[in-house]
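Reader: I would like to learn how to read the surroundings of a bound ligand. Could we work through an example together?

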Amino acid sequence: MSKTIIITGGAGFIGSHLVRLFVNKYPQYTIINLDALTYAGNLENTRDIEEKSNYIFEKANILDAPQLEKIFSKYNPDGVIHLAAESHVDRSILSPLDFVYTNVIGTVNLLNACKTLWGQSGNYEGKRFYHVSTDEVYGALGDTGFFTESTKYDPHSPYSASKASSDHFVRAYHDTYGLPIVISNCSNNYGPNHFPEKLIPLFINNCLNKKPLPVYGDGLYTRDWLFVKDHATAIDAAFHHGKNGDTYNIGGFNEWRNIDLVKLLCKLVDEKSGRPAGESEQLITYVKDRPGHDRRYAIDASKINKELGWKPSVTFEEGLSQTIDWYLANTEWLNHIVSGEYQAYYSLQYNR
Ligand code: NAD
Ligand code: TYD
């Protein structure tokens with residue numbers, strides 16, 4: 001069946017993998033990538049699909065409600081998959097209002113655009129607003145336990161507070177106006193095209209350039225890592241087969257303490273770039289902790305596994321190895337980001 005789907009944030013990290021998956025897997029769909037191209041948006045991420053006949057790029061800001069209305073009436077989408085966001089915790093500590101604008105108000109603008117367009121026909125048959133969210137809305141865990149879909153929201157950073165708020169608005173539009181929605185809350189992603197401000201791509205880039213690897217606090221913070229292409233297949237499953245109004249947690253049952261992950265990353269970079277064993281580890285530098293730093297995240301992804309049959313396709317070692325290979329083969333992409341027009345944003349990073 002043909003469908004028109006707007007994917008917001010499709011020039012970013014996860015969005016570009018999702019757009020590619022949909023454009024290639026569903027040639028009968030029209031995929032509109034709606035993105036403002038902020039510092040994190042990069043059309044190099046979608047270069048390989050831009051000539052496909054079922055792909056359209058629309059440069060638009062989700063804060064511009066009249067522009068959204070025009071785009072929605074032009075394309076008359078059946079579905080929206082919403083990823084556009086400010087996504088970095090450290091930036092949210094420096095500039096929380098940007099997160100309120102994009103993540104909260106931008107999301108409400110999109111909900112309004114859907115409600116206006118789809119409400120005209122008086123029935124929401126075949127329509128769906130899919131909201132891509134994070135496990136960080138659940139707060140922090142101690143040494144044991146997992147976040148489930150019924151874990152109470154308890155966000156700590158301005159980033160997670162803004163995502164929690166947007167999740168609540170999406171549910172409110174479902175409960176109040178009957179808008180068909182699905183939400184997924186995913187753990188930390190990694191993979192190709194990841195902007196080098198987050199732990200894994202920053203550390204790969206710093207290793208390659210023999211710069212210090214700034215480990216926050218004691219390095220014993222724990223994250224649950226998922227390969228970005230596996231996140232994209234999970235969204236595909238939940239967008240098409242998830243239950244209206246429902247939430248799905250997405251994760252790989254793959255917890256790593258930061259310091260252990262960083263040591264593995266250093267070992268792989270040394271092996272792949274022909275350096276003496278142990279050379280990159282010398283770059284590890286413990287720095288001041290992030291304020292409000294959540295100790296541990298871990299997702300219970302059994303619901304999406306049991307109900308939709310989704311599971312990750314790669315182990316962490318395979319995914320990390322593929323990721324490092326990609327960065328080694330795409331130094332032009334990386335250099336472009338850390339120089340020129342991106343420099344001002346890149347150097348804004350917290351703690352450096
Ligand atoms: P990203 O920062 O790489 O990309 C965000 C994209 O959104 C960029 O292309 C940017 O240009 C666009 N954008 C930002 N503000 C916009 C605006 N006002 N209007 C239109 N476009 C705008 O982010 P990401 O890591 O790919 O994350 C995508 C989504 O997934 C986010 O909603 C994030 O909260 C969620 N998420 C991310 C992770 C992760 O580990 N990265 C994990 C779980 C959930
Ligand atoms: P990050 O990639 O920013 O993702 P999030 O904060 O959304 O989980 O950080 C992952 C973990 O790595 C987190 O515990 C913070 C830590 N970290 C560092 O120790 N040093 C760094 O330079 C960065 C960016 C993160």
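Reader: How does the shell around ligand 2 divide by residue class?

Author: One begins by sorting the surrounding residues into classes, and in this predicted model the shell around ligand 2 holds 9 nonpolar, 4 polar and 7 charged residues. Those closest to ligand 2 are Glu136, Pro214, Arg223, Arg290 and His293, out of 20 residues that surround it.

Reader: Which polar contacts does an oxygen atom of ligand 2 make with side chains, and where does the backbone take part?

Author: Here one looks for pairs of N or O atoms within 3.5 Å. The side chain of arginine 223 has an N or O atom 2.7 Å from an oxygen atom of ligand 2, while for the side chain of asparagine 188 the distance is 2.9 Å; tyrosine 216 contributes through a polar backbone atom, again at 2.9 Å from a ligand oxygen. Of the 510 Å² of accessible area that ligand 2 has on its own, the protein covers 97%. Two or more residues of this shell come from each of α3 (89–94), α6 (199–208) and β8 (213–216).

Reader: What classes of residue make up the shell around ligand 1?

Author: The same sorting gives 14 nonpolar, 12 polar and 2 charged residues for ligand 1, and β5 gives the most to this shell, with 3 residues.

Reader: Which side chains have an N or O atom 2.7 Å from an oxygen atom of ligand 1?

Author: Serine 87 has such an atom, and so does tyrosine 159, whereas the side chain of asparagine 61 lies 2.8 Å from a nitrogen atom of ligand 1. The protein covers 96% of the 830 Å² of accessible area that ligand 1 has on its own.

Definitions and conventions:
Residues numbered from 1 in each chain as written. Chains lettered and ligands numbered in written order. Predicted model: local features only at pLDDT ≥ 70, side-chain atom pairs only at ≥ 80, totals over all residues. Heavy atoms only, no water. Polar contact = N/O pair within 3.5 Å; in protein donor to acceptor, adjacent residues only side chain to side chain. Areas by Shrake-Rupley, 256 points an atom, 1.4 Å probe, with all protein chains shown as cover. Helix = DSSP H or I, 4+ residues; strand = E, 2+ residues; numbered from the N terminus. Nonpolar A, V, L, I, M, F, W, Y, C, P; charged D, E, K, R; others polar. Near = heavy atom within 4 Å.
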